[in-house]
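Take a moment to look over the whole chain before you zoom in. Then follow the text one piece at a time.

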Amino acid sequence: MAAWWRPTRARLRLDRPAPSLMPPVTERKFRRTSTRRRDTPASRQRAVSAQARQPFSFLLFLLPVSRRQRPLGPMSRRALRRLRGEQRGQEPLGPGALQFVLHDDDDAEEEGPKRGPGGRRSRGAGKEGVCVNNRFELINIEDLEEGPVLNGERSDCLLTDAVVSGNKRRSQSGSADTKKAGEAADKAVPPEQSNISGKLRKKKKKQKNKKNTTGEILENGLEDIDRILERIEDSSGLNRPGPPPLSSKKHVLYVEHRHLNPDTELKRYFGARAVLGEQRPRQRQRVYPKCTWLTTPKSTWPRYTKPGLSMRLLESKKGLSSFAFEHSEEYQQTQHKFLAAVESMEPNNIVVLLQTSPYHVDSLLQLSDACRFQEDQEMARDLVERALYSMECAFHPLFSLTSGTCRLDYRRPENRSFYLALYKQMSFLEKRGCPRTALEFCKLILSLEPDEDPLCMLLLIDHLALRARNYEYLIRLFQEWEAHRNLSQLPNFAFSVPLAYFLLSQQADLPEQELNSAREQASLLIRQALTMFPGVLLPLLEYCSVRPDAAVATHRFFGPDAEISQPPALSQLVSLYLGRSHFLWKEPATMSWLEENVREVLQAVDSGDPAVEACESRRKVLYQRAPRNIHRHVVLSEVKEAVAALPPDVTTQSVMGFDPLPPLDTIYSYVRPERLSPVSHGNTIALFFRSLLPNYTMEP
């Protein structure tokens, strides 16, 4: 029979392959396995050899089981590699070559695995053939150790870790029988592979020692990691263009970018899924505009086109840079149309103007006030955000929001729009429940002109710091600015700073010594505040719905005479503070602490303390008349009690929402031209009379 089939096999190799003689099931199985394999030289060689053995494989099924011996087939892959001078694991890597799978049964037959007694495969053979799924295990470790160094570290760390972890898993999964079989198979392994396995064991011990030492370092010194990170930040900051680097202690008006986004605060309260759930499908469809810090552009806004607004650098001296917004000729014409629309007292004229100039800042701010008066808060906030986006797109490349060294002169009308847009956005954020973000906007407004403080943000920053529970910042601001700004002379700081100390002493995560020190400082400052501003106590208790003690209510120092005798300017400041921050004092612990200090102040007054008379004389001298920036702040705050306390000379003049109480020393860069036909820009009633009477005129 051997003489019959050998010429056939030779003929099949030389000529065209004969049709398959396999059973249909076997043929389909062969085709499936052949299509699953990758198209590599080894797989093509296996396909050719399997195709050449097709008649012979069919005849093997006709022989008895005892006579099925492995015939002399084609050369194995190992022999072919030796003839070509190649070694296992050094063939070129193709696409998908790192996806290792177990060998099939055909591969196992070609490899010729060694079988132990009883027909079982030995452990060592499994390591060489079927169980090996990482080709890097057969690379010499010494070659890796002597390889190139990348970024100061050797590139073999990941490879050796993978080798050690693979050996560990295999050693844990083996039983006692397999260990004996593995020892018998290791004797048959060539000496080169035995050396490699020995080096792997040594490498494994080294890795264990390294892991132990690094674990001890991490447990004993976590500060080294912080120092390394600081070193990296310092080295990277030297090459980064921008403002000069800040010291280790940041400026008191330093603004953090991430806190300008209200989503950062809302995510901390409600989670990212609740905040970004509605925004994700919109972001897939919209075109991504310019990235900004103050607001996030929306897909519902009109397409942005430059409205003619720009910013220029005026001067830089002593580390401070002065900037100013500029209006182009086209923007100036739009500004003149806007002023005419405001004089007409018709909001629809502003709407028509925004259809042609959708990013005119003053029109957006004025229409936002109109929407807010009509209880459309969502539209009002959207218009303010669009105004901020228009102004941020016009920033100078050197203008920085966070450095605290950039200045904008409020006397220039072009700059006032930016102040008012920031203030309105801050008010919306506070009402939305984002006091931390509103505090950053407040610091930003204060940093634009901290000396003049045109919007008097010092009357508000303490309230936002307490609402955001940022007590340390309020205390630091008071300590650094008290010497040159006399913050204790403002009623809001006089009462908010001791409240911050007291709330800080209520926290349980601080040491006992710091808690006691904060409590003592809070008591000292609140007694000074009650002595300086005695007219605050009874209105505060009334706001908090607390009935005072008869000894306090009828005392001459805290009684009704204290509130009546204080100057009007001081009454205005007290009304502003109480109308805004009275709810911060409603806690029972806070009220009991306030009651203790009120009794001590009464004892000092009854004993004739000279500090009481000094404070009384100081009140009469300091609070004669409030400056214009405080009046502007009261108008913008819209606190009813404070607005009612404004002097008559302020309430009688017209106050425009886009420019409330402009400075008396305004610096104009261009002048509005005289109107030739003032009647044509009048209101609807005036136009109606003009249509009826052509000779009608509004002039006397």
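What follows goes from the whole protein to a few helices and then to single residues.

This is a predicted model, in which local features need pLDDT of at least 70, side-chain atom pairs count only at pLDDT 80 or more, and totals for chains, interfaces and linings use all residues. Residues are numbered from 1 along each chain as its sequence is written, and side-chain values use heavy atoms, with hydrogens and water left out.

Start with the overall make-up. The protein has 35 helices and 5 strands. Both kinds of element are DSSP runs, numbered from the N terminus: helices are H or I with at least four residues, strands are E with at least two. Of the 700 residues, 40% count as buried. Buried means under 20% relative accessible area, exposed means over 50%, and partly exposed lies in between (1.4 Å probe, protein chains only).

Now consider contacts, meaning heavy atoms within 4.5 Å. Take the contacts between residues at least 6 apart in sequence: 72% of them join residues at least 24 apart.

Next comes the inside. In soluble globular proteins, nonpolar side chains tend to be buried together. Here the largest nonpolar core has 126 residues. Such a core is a set of buried Ala, Val, Leu, Ile, Met, Phe, Trp, Tyr and Cys residues joined through side-chain atoms within 4.5 Å. Which residues have the most contacts inside this core? They are Leu-294, Phe-418, Phe-493, Phe-495 and Trp-585. Look at Phe-418. Leaving aside neighbours within four places in sequence, Phe-418 contacts Leu-294, Phe-325, Leu-388, Met-391, Phe-395, Leu-401, Leu-408 and Leu-448.

Move on to helix H29, residues 568–581. It has 14 residues and reaches 20 Å from its first C-alpha to its last. That is close to the 20 Å expected at 1.5 Å a residue. The expected span is 1.5 Å times one less than the number of residues. Is H29 enclosed or open? Of its 14 residues, 11 are buried, so H29 is largely enclosed by the rest of the structure. Among them are Leu-570, Leu-573, Val-574 and Tyr-577, but also Gln-572 and Arg-580.

Helix H30 spans residues 588–606. With 19 residues, H30 reaches 27 Å from first C-alpha to last, close to the 27 Å expected. Its buried residues include Met-591, Trp-593, Leu-594, Val-598 and Leu-602. What covers the buried residues of H30? The cover includes helices H24 (491–505), H25 (512–532), H26 (537–543), H27 (550–553) and H31 (610–622). One residue of H30 is Asn-597. Asn-597 is buried, with a relative accessible area of 2%. Not counting residues up to four places away in sequence, Asn-597 touches Ser-523, Ile-526, Arg-527 and Leu-530. After H30 comes Gly-608, whose phi is positive, near 80 degrees.

Two helices can also be viewed as a pair. Two packed helices are described by the angle between their axes and the distance between the axes. Helix H16 (residues 329–343) packs against helix H18 (residues 361–373) at about 25 degrees, with the axes 9 Å apart. Axes are lines fitted to C-alpha atoms, for helices over the stretch in contact, and angles run from 0 to 180 degrees between N-to-C directions. That makes H16 roughly parallel to H18, a label for angles under 35 degrees (over 145 is roughly antiparallel, 65 to 115 roughly perpendicular, and the rest oblique). H16 brings Tyr-331, Gln-335, Phe-338 and Val-342, while H18 brings Val-361, Asp-362, Ser-363 and Gln-366.

Stay with H16 for Ala-341, which lies in that helix. Ala-341 is buried, with a relative accessible area of 6%. Just past H16, Met-345 sits in the loop leading to helix H17 (347–356). Met-345 is exposed, at 67% relative accessible area. Most residues other than glycine have a negative phi. Met-345 has a positive phi of about 60 degrees, although it is not a glycine.

Finish in the loop between helices H21 (435–448) and H22 (461–467), where Glu-452 is found. Glu-452 is exposed, with a relative accessible area of 56%. Asp-453 is found in the loop between H21 and H22 too, but Asp-453 is buried, at 4%. Its phi is near 50 degrees, a positive value in a residue other than glycine.
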